[in-house]
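Here is a set of short exercises, each with a worked solution. Keep the structure open and try each task before reading on.

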Amino acid sequence: MNAETVLEHCRALVGEPLGTVAERWKTEHPGSRAVAVYPVWAPAELIHAAGMLPLGLLGGGTSVELTHADARFQSFVCSIAKSTLELGFQGLVKGVDGFVFSNICDVARNLGSLYKRNFTDAFVEYLHLPQNSTSPAVAGYMAAELRRLAIGFEHAFELPVTDTALEKSIETYDALRSRLRALYAFRIEEPQKLSTTELYVVQRAATLAPPDESLAWLDTLLAELPLRAARPRDRLRVVVEGAFCEQPPLGLLEVLEEAGCYVVEDDLLLGWRWFTADVNGDGDPFTRLGRAYVDRAVPSSTRHESRVHRADGLIEKVRRSRAGAVVFMPAKFCEPALFDYVLMKQGLDRAGIPHLLVEFEEKMWTFERTRNEIETFVESMLFD
Amino acid sequence: MATATAKAQPVTERQYQGRVHERSRQLMSAWMGELGRAEGENQATGALMISGNCVELLRACHVLPMFPEVTALQNAIRHKSLPLILKAEQAGYSSDNCAYVKADIGLFLDGGMGPGKPVPFPTIVVCNYVGCNVYVKWFEHLADISGARLFMLDVPFARTDSPSPEDVRYVVSQLEELIALCESVTGRRFDIDELREILAYAARAEDGYARCKHLTKHRPAPFDSYFDSINMMGPINVLRGTREAAEFFEEAVAEFEGLVGGGLGPLSEERFRTVIEGPPPYPYYRSFRNLFTRWGAVAVQSTYSTVGGIWEFGFRKDPRRPLESIAEQMLRENLTNRSIVARYGQIKRYVEEWEADALVIHSIKSCRLFSAGQGDMRDYFTRELGVPTLMVESDLEDPRYYAEAQIKNRIDAFFESLEHKKMLAGAR
């Protein structure tokens, strides 16, 4: 495949229901299973090490109409939680054998419980990911939590996770993450050659494919994209922040670029490129993975980091990507993003970095108002 | 028809303002007085959250506990929360963010919190992350505005039948780190025997609180376990570990036993026994209560009264295992660190053992921990268990979400239907 066919393949894959992807994998790999993880981060390595297919459980977007979930979740609950529950009620995740949730927010916590109660055929596990980033006890706790998940897989599917297999999976995912980091670095340098919608679609497709397959696509893109013919335009380089859980519609990402922005950094699908450096090394792989979650994590609204102020991570991202502004893009009702917005906004104000707030919902389908807001912002920056 | 029924047989409130109410007010005022003097007396203070808190440990470390949630609810009940919420929203907080946090930050922005202000800045901010993710954000913001050192006490969520040894070890280890931090702040050495003594007082208070809650199994219940429990929630969650709190609950038990003996409840007649789920609408506490009073509905149990700890099923602090015992309460023996589905089990026990006629769910926007998924809860109780269930929505802090007429209509329709069912059952 060349770069264009990779992108085409990824677009097609992203359009498939999760259950279809899972069933296809299991047909091709008899005896295997598929386990989907809710944002933001989950140890895909563990699922892979058990010989299963890790999948991203990322809501229903505009593809699913709510007929059950609205009666379970109130009007003030975010769309991704509702549509994820709806996927279960409508049988659109039938074929997925397990689901993993974690403590990213109160809604996700309750969603995990509702999945366990309503879909009793599936394996549903809830991970408590540590919020203490400095305690000497945190590494031991985290390793135990990951082992607990591995034991859960073994009990549910009779698929054990050995240390050797986990080491190999960590290596595979390290390779995947390093390619994604390289692609992000490439976009910082030549954003005209890789649009945000393209980068997003490739990443999203990687949440639906075995990592070896994704690695091949990424290698192709890294080799061929620099050869693309594209002239730099006079656009505003921006960092997009806040869309780490609920998925913005592709139309919104397109509007962002059409309205005059180059997105040079973002936190889309953040959990799939969580670590700032490779996890691999020596020692117990569960401990290493757990330790990395705490010590090598990207800044995130869903993990407390007492060593760095919340705004500093964003400011560093702006500086590193040579961005001129930040577009905050929290999902409607997303408490972690909306709370962090205040601290980060204050930090940006102190640092003299302009910013714009654009709320979204996965199910939104008209973008004209947003386009006007972004265009006005871009014009005020470019012609200042 | 609903109005006509209610008017035909009016139920009145007995205007119970007994010793429990008075003594609770005195104790809480004394604590607030101490807080007000803390800055001038160079007394170290520590901000804590109510849910599954470790107040005994701060007390043993000679750090005076302060609770932003209590300040926020007091402002709401005194109808002062909206201007504070609006201040916070002007500063960038979303209308979709928890209004408790906004009222607290708004208090600072309004000049009501800080050095020399009615509410001092805490010396340390101890984020007891017990279930509620908003706690993490709230205390990050409080530390940011106050400049106080933030200690993140990460309590693994109850995701197995009982906490694992690793969970307990992780929490105990963090409690030891917190002790070291407190020693560095106060300059005083921690004394484990002092903590044991405090825990013995805590166990007495817990026992008294549990006994009070079991007394509502009587007909009529001697107090409303939702609306009147607030008089006990202050002493149990804020003052736990003091001799005064232990004695308060012994007095409360005696007083409630007296009411049981006299066949007295909070209303002139107890027509319906309910279990109430969810926090109350503090800005309209009295109005909301009145909507139930007119139907003779008394809450015999409530989940909100267990956010700090669940003691009615037997758990008590154990001075022989001081840190482990505190860790166990934080990990398992409180409502907020349990899943919403585990809460179904708690409510089911309440309905069965306290012989309730119905479940009332008060769903609030601010606290998704409580509310997200309560539609599923309603479905479980109504369809699977056949328990009549009413769900109404508003907020615990933001008065803009309380629509009195709408809520009244729903409550009236619900009790009218319940009364009809009772009448039919009686006729059979």
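The exercises below concern a predicted model.

**Exercise 1. Decide whether the radius of gyration of chain B agrees or disagrees with that of a compact globule.**

Solution.
- Start with the length: chain B has 428 residues.
- A compact globule of that length would have a radius of gyration near 22 Å.
- Chain B has 21 Å, so the two agree.
- Now add the dimensions. The C-alpha trace of chain B spans about 70 × 50 × 40 Å along its principal axes.
- Look inside next. Buried residues make up 56% of chain B.
- Then take the contacts in chain B with a separation of 6 or more: 78% of them join residues 24 or more positions apart.
- Finish with the inventory: chain B holds 17 helices and 8 strands.

**Exercise 2. Find the surroundings of B:Ser81, and say whether B:Ser81 is buried or exposed.**

Solution.
- Place the residue. B:Ser81 lies in helix α5 of chain B, residues 81-90.
- Count its neighbours. B:Ser81 has 28 C-beta neighbours inside 10 Å.
- The cut-off for buried is 20 or more. B:Ser81 therefore counts as buried.
- List what B:Ser81 touches beyond four places in sequence: B:Asn75, B:Ala76, B:Ala103, B:Pro283, B:Glu397, B:Asp398 and B:Pro399.
- Compare sequence with space. B:Ser81 and B:Tyr282 are 201 residues apart in sequence, and their C-alpha atoms are 9.6 Å apart.

**Exercise 3. Work out how α5(B) and α6(B) are oriented to each other.**

Solution.
- Take the axes. Those of α5(B) and helix α6 (residues 99-109) of chain B come within 7 Å and cross at roughly 85°.
- Angles from 65 to 115 degrees count as roughly perpendicular. So α5(B) and α6(B) are roughly perpendicular to each other.
- Name the residues in contact. Among them are B:Ser81, B:Leu84 and B:Ile85 of α5(B), and B:Ala99, B:Lys102 and B:Ala103 of α6(B).
- Sort the contact by class: 8 nonpolar, 2 polar and 3 charged residues.

**Exercise 4. Do the same for α12(B) and α17(B), with the angle and axis distance at which they pack.**

Solution.
- Helix α12 (residues 285-293) and helix α17 (residues 404-427) of chain B pack at about 25°, with axes 10 Å apart.
- That angle makes α12(B) roughly parallel to α17(B).
- Next comes handedness: α12(B) passes α17(B) in a right-handed crossing.
- B:Ser287, B:Leu291 and B:Phe292 in α12(B) meet B:Glu404, B:Ile407, B:Lys408 and B:Ile411 in α17(B).
- By class, this contact has 4 nonpolar, 1 polar and 2 charged residues.

**Exercise 5. Describe the side of chain A that touches chain B.**

Solution.
- Count the residues. In chain A, 38 residues are in contact with 42 residues of chain B.
- Find the helices. In chain A, α4, α6, α7 and α14 each supply at least two residues of this side.
- Sort the chain A residues: 19 nonpolar, 11 polar and 8 charged.

**Exercise 6. Locate unusual backbone geometry.**

Solution.
- Recall the rule. Most residues other than glycine have a negative phi, and most peptide bonds are trans.
- The bond from A:Pro39 to A:Val40 is cis, with omega near 10°. A:Val40 sits in the loop between β1 and α3 of chain A.
- Another cis bond joins B:Arg219 and B:Pro220, with omega about -5°. B:Pro220 sits in the loop between α9 and α10 of chain B.
- A:Leu269 has a positive phi of about 50°. A:Leu269 is buried, with 24 other C-beta atoms within 10 Å.
- Phi of A:Arg322 is also positive, near 55°. A:Arg322 is exposed, with 11 such atoms within 10 Å.

Note on methods: Residues are numbered from 1 along each chain as its sequence is written. Chains are lettered from A and ligands numbered from 1 in the order in which they are written. This is a predicted model: local features need pLDDT of at least 70, side-chain atom pairs count only at pLDDT 80 or more; totals for chains, interfaces and linings use all residues. Axes are lines fitted to C-alpha atoms, for helices over the stretch in contact, and angles run from 0 to 180 degrees between N-to-C directions. Helices (H or I, at least four residues) and strands (E, at least two) are DSSP runs, numbered from the N terminus. Angles under 35 degrees count as roughly parallel, over 145 as roughly antiparallel, 65 to 115 as roughly perpendicular and the rest as oblique. A crossing is left-handed if the near helix is turned anticlockwise from the far one by less than a right angle, and right-handed if clockwise. Two residues are in contact if their C-beta atoms, placed from the backbone, lie within 7 Å. Ala, Val, Leu, Ile, Met, Phe, Trp, Tyr, Cys and Pro count as nonpolar, Asp, Glu, Lys and Arg as charged, and the others, Gly among them, as polar. The radius of gyration is taken over C-alpha atoms; the globule rule is 2.2 Å times the number of residues to the power 0.38. A residue is buried if 20 or more other C-beta atoms lie within 10 Å of its own, exposed if 12 or fewer, and partly exposed in between; C-beta atoms are placed from the backbone.
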